[in-house]
Amino acid sequence: MQVTPQLVPPYSFRLSDYKTATNEKMILNLLLTDVQESGRQVRLKMYMEGQGLHIQTLDFVAGASPILLDGGINLRLTNLELQPYFELTNLVGISPAQYGQPLPEGKYDICFEVYDMLSGKRISKKSCATMFLLLNDPPFLNVPGRGDLVTAQNPQNIVFNWTPRHFNAPSVQYEFTLKELWDTGIDPQAAFMASPPLYQTTTFATTLLYGPADIQLLEGKTYAWQVRAFTGDGGTSTSLFRNNGQSEVYHFTYTANCSAPMYVLSEAKNSRTVRITWQNGTHLRYQLQYRKKGYGEKDWFEFWTQNSEVTIQNLEAGQTYEFRVGGECTPQAGLAYSAVHEFTMPTEEEMAYYNCGMPPEVEIDNQDPLPNLEANEVFTAGDFPITVKWVDDHGGGRFSGWGFMTVPYLADTKIRVEFKNIKINTDHQMVEGMVETSYDANWSGIVYVDEFIQDISHLLTELFSQKEELLEQLSDADGFEEQQGIISQINNLEVTIGQQIDQIPNKENLPQELQDELESLKQEGSIVSSSELTPQEIETLSNADTKRRERIKEIAAIAEDGLRNKDFKIDYCDSIVKFDKHNEIIKECNKLKLRYKKEDSTATKTVQMKLRVIPNDEAKDLFFPSKDSWKSVKYNEDWEVDFDSIPSGEYLAELKVNDTIYKHEFRMQKECTSGYCCEVCGRDLTVTLAKLKKIFEDSESEYLTTNTATIFTKALKDGGFTTCKQHAHFFSQIILECNNFKDFEEGYWFKLLNIYDTFGRQTGNDTQETIYSQSFWDDEKYINYISSNKCPHRYIKKPEDTTSTKYKTSTDKITKSRGSLSISFPKSFSKSKDSTAVYNLKRINSEANGENLFNLVYKNKNGNNKDGDGWKYKGRGIIQLTGRENYRNASTKANATYGTIFDWETNPEQLATDTESIIYSATSWFLNNFKPISTLDNMISYQVTKKVNTASDKKEQRKQNYDRLISDIKLYKCDKK
């Protein structure tokens, strides 16, 4: 008899919920394993244990339906059928008072046993499902803050904002309540409880706009607000939250006589000092509050001043801070605060800058799009007026361009701003988007439209890489609780990923079905688990996340395509070149025509253009008209660029309109006729000497020859490496493994500390017992393993030696520990003539020591089963093949794939001297470890590194190699034809 209970999250805190819920919260599968038996009647017994509770059902449960089982047929029951088992009258071990209250937080096991109805005998084991009950915190209120003054506006416009703090509650809604406090002489919390609601509504958002259509607030009155979080799960709506999901109560005074400080600016003076300024008004004094971003209401640091600026020192470089400025109009009557702004301190390498700190978009009631916007017109972003100097109209009230804002209290300083695809309403207010500022006293700054796109793409890539690392940690986690800690980190990271997905440029102009798909993809990354995940389940999660990541990138690419300058056209052979994500097949004509197609009544306006070509097989890039100059071209006229022969490669056409530069990328390639072409983009995958010199940049290896390129082509082609991405993963790893195609044999020169970094976690042999034993230092055994010229090493005690230079040790010690083992040794040595100097330098046989080291650390690893195997089968070849078994398996795969007769187990030195062996061993190892090799197409660099080097050594360098091949030199940039 098999019994399998399963609990469906989110878990309810009340037992009674399992009796009254209308959705499935528990599943019980019953399987009678004797297929010859049918119609067997059974009864169930349920147990619940945890947090001091020991609850079980009566032997006979009143109201329970008969259960009949047929052999071999699974019976699925849910809490809907099992409701009687959760009736108080059928339970022992719990009182009526406990039954009506939420269960304490912690771990619980719900178990079932099956009994034969006729004999009363138990016919199953006790099978349990585990759940962890963890309450969520209620929302944290942001603005208006406690005790704030809120300035009355006409029309009425108040923004309420709060931060969610739940982590395991689905479909959370918020009940917003606003009350007028009639009695201001008592504590606002008590006054709130005693007052009737003035306004109440529910929302899924974390921001609420209280506008002119809502009940009008009265000047001089005090109001308070609260937010209650709840789920849409019927009667259990707030059982997942502490304090019934209710936030604190914040109160504010609504006044017309005290406006908040305006024109708030931050100016980073250096990496640790910032100057906050604002326009001096009619206030008696000001209070500046600042805190690290993400901290709470109680974490504000405060400055009081009667001036209009404050300088803050001793901040952290690279840290983001939030700040706001409050103005006091009447003594002790409260403060009217500006919006919460933010600034990020520059690092030591960055320049100081101005930052208007404009907050993210705040909903404005008027959403009617402005029909058009011209140069020298003014719109407002927050409380800053922006004078437009150049603008590109995208339609629908959306504009990109640049201009400046004038700051009155900085002697009318003009600060340059750029805006991209912002939305402006008919009141000339920015209602969506972001204005970015950069101080440029000489007006020489140039804005690149692609920069923001690349930043978002790079950040998403980095975030997904972090998630992949966390998933790897999840695989190594020890037990459920450790897994839950990592899952919490993953889910927190997913919040950031979702925020970056929301920042994808031009996302709002995607077709609705793609917007919906992107929103769905944003929600898919979180993990909810009620039991320990198996390695197979984690691998499934990782594979699904890889596909999700690729789809997000595809949709983002579609959105980004809409941000190119739509008036810039390039003709090739009487057809329009498609920018980005496309390849143009080279035809017979050898001319490109570049044109800026824009109406110009004066027929005198010009733009600037330049063209860069990065050929596939040429050492140098081509520039038109030259590397550092631009071609001036009139509107609607062609600039013809002639070639002797159109080269295959990457093309970058730049258009400068006024001071804004637009980058447009495309690819030209010949029809691949070599028989070895990328299955995705059609690029010729033949490896040439020119390609190798680009891959192994600045390498002076004598092995880089035309013959080597030919061997690479055969190894990759016959091995089935059929896409650019597979090539990029392969080469990005071997660039590092063989030191840019220069070292084909593992080096044995190790500093003492590097031994611990490289081999300190080695298991399965005597490595740890040897290197973590104090005798490794005290008995001078380390001399038999250390091969570097760097200290601390090779210092031996010879107090009787009076002729040699003596060394003494530092008082500082380095200690290395593993389990119960521990070793300490001096941090450094220095020459000395005093009596404490008892060490001498000793020359040693480096190669012999390297042999000792490898025989120690590689013993019993990767098939090494004989004395001396560690040294004999050390890392060799361009993939640093290590271990007898890997040598043998690579030989077998190479011979089967390439028709060779290698025996690298017998002749291991061939992997360091024979070019074919050096290369074939690497492709063969890839074929043995990535099955099929096409799995590389769905992997990121970190995943491949984990396979190549289980310690993920130098994973960042490997990723940089991959990015360089794909994005920098674009040797393997792969776009569909």
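## Exercises on a predicted model

In helix α20, the residues Arg958, Lys959, Asn961, Tyr962, Arg964, Leu965 and Ile966 are buried, where buried means under 20% relative accessible area, exposed over 50% and partly exposed in between, with a 1.4 Å probe and protein chains only. This is a predicted model, in which local features need pLDDT of at least 70 and side-chain atom pairs count only at pLDDT 80 or more, while totals for chains, interfaces and linings use all residues. Residues are numbered from 1 along each chain as its sequence is written, and side-chain values use heavy atoms, with hydrogens and water left out.

**Exercise 1.** Compare the expected span of helix α20 with the distance between its end C-alpha atoms.

*Solution.* Helices (H or I, at least four residues) and strands (E, at least two) are DSSP runs numbered from the N terminus. The expected span of a helix is 1.5 Å times one less than its number of residues. Helix α20 covers residues 955–968, and its 14 residues should therefore span 20 Å, which agrees with the 18 Å between its end C-alpha atoms. Just after α20, Lys970 takes a positive phi of about 55 degrees.

**Exercise 2.** Determine the strand order of the open sheet that contains β1, β2 and β6, and find which strands stand at its edges.

*Solution.* Two strands pair if DSSP finds at least two bridges between them. The 3 strands are arranged as β1-β2-β6, with antiparallel pairing. Strands β1 (2–7) and β6 (75–78) stand at the edges, because each has a single partner strand, and one side of each is left without a neighbour in the sheet. Neighbouring strands of this sheet are turned by 15 degrees against each other on average, direction ignored, the axes being lines fitted to C-alpha atoms. Strand β2 (residues 26–31) is joined to β6 by 4 bridges, and Leu30 has Leu75 as its bridge partner in β6.

**Exercise 3.** Describe how the side chains of strand β12 alternate, and identify its pairings with β10 and β15.

*Solution.* In β12 (residues 158–163), Ile158, Phe160 and Trp162 point to one face and are buried, whereas Val159, Asn161 and Thr163 point to the other and are not. Strand β10 (residues 140–143) pairs with β12 in the antiparallel sense over 3 bridges, and Val143 stands opposite Asn161. Strand β15 (residues 207–210) also pairs with β12 in the antiparallel sense, over 4 bridges, and Phe160 stands opposite Leu208.

**Exercise 4.** Decide whether Thr222 counts as buried or exposed, and list its contacts beyond neighbours within four places in sequence.

*Solution.* Thr222 lies in strand β16 (residues 222–231), and at 13% relative accessibility Thr222 counts as buried. With contact meaning heavy atoms within 4.5 Å, and with those sequence neighbours left aside, Thr222 touches Lys179, Glu180, Leu181, Thr184, His251, Phe252 and Thr253.

Note on methods
Axes are lines fitted to C-alpha atoms, for helices over the stretch in contact, and angles run from 0 to 180 degrees between N-to-C directions.
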